[in-house]
Amino acid sequence: MQDYERDSILEQYEIVPNSTRKIRGAILCNTDKGVLLLREVGVSEKRIPALVGLYEYFANCNYRTVDMPMKNCEGRYVTKGLDGNSYMLRRMPPGRE
């Protein structure tokens, strides 16, 4: 992903990125809302609501290490890039890998 593609995707979220860096096929973003991970989505958009429901279930059961997806300005979890690929921005839990 090129810098201009990454910037165009991040502009679609209500965040202010302070810095970004590439890690293992994703982009780690330090923002005003904490550490976020931008990654290409490998599942169909039809499965996204089921995945989000599962993440919310775990979060409601007090699992603190769930990497919850964030909605973009349009209220969607998946954002289309200039390259036509789908991307998802997730909150990263604190701690180490």
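**Close-ups of two loops, a sheet and a helix**

**View 1. Asn 62 sits in the loop between helix 2 and strand 4.** Helices (H or I, at least four residues) and strands (E, at least two) are DSSP runs, numbered from the N terminus. This is a predicted model, where local features need pLDDT of at least 70, side-chain atom pairs count only at pLDDT 80 or more, and totals for chains, interfaces and linings use all residues. Residues are numbered from 1 along each chain as its sequence is written, and side-chain values use heavy atoms, with hydrogens and water left out. Take a look at the backbone of Asn 62: its phi is positive, about 65 degrees, although Asn 62 is not a glycine. Asn 62 counts as exposed because its relative accessibility is 54% (buried is under 20% relative accessible area, exposed over 50%, partly exposed in between, with a 1.4 Å probe and protein chains only).

**View 2. Arg 24 belongs to the loop between strand 1 and strand 2.** Here's another residue that isn't a glycine but has a positive phi: for Arg 24 the angle is about 35 degrees. With 66% relative accessibility, Arg 24 counts as exposed.

**View 3. Five strands make up an open sheet.** Read across the sheet and you'll meet the strands in the order 1-2-3-5-4, with antiparallel pairing (two strands pair if DSSP finds at least two bridges between them). Strand 1 (17-23) and strand 4 (79-80) are the edge strands, and each of these pairs on one side only.

**View 4. Strand 1 pairs with strand 2 in the antiparallel sense.** Six bridges hook strand 1 up with strand 2, which covers residues 26-31. To pick out one match, find Thr 20: its bridge partner in strand 2 is Cys 29.

**View 5. Helix 2 has 13 residues.** From its first C-alpha to its last, helix 2 reaches 18 Å. The buried residues to spot in helix 2 are Ile 48, Val 52 and Tyr 55. They lie on the same side of helix 2 because they cover an arc of only 60 degrees around the axis (the arc is that of the directions from the helix axis to the C-beta atoms). An α-helix has 3.6 residues a turn, so residues three or four places apart point the same way.

**View 6. Helix 2 also has a face turned away from its buried side.** Which exposed residues does that face carry? They're Pro 49, Ala 50, Tyr 57 and Asn 60.

Notes:
The expected span of a helix is 1.5 Å times one less than its number of residues.
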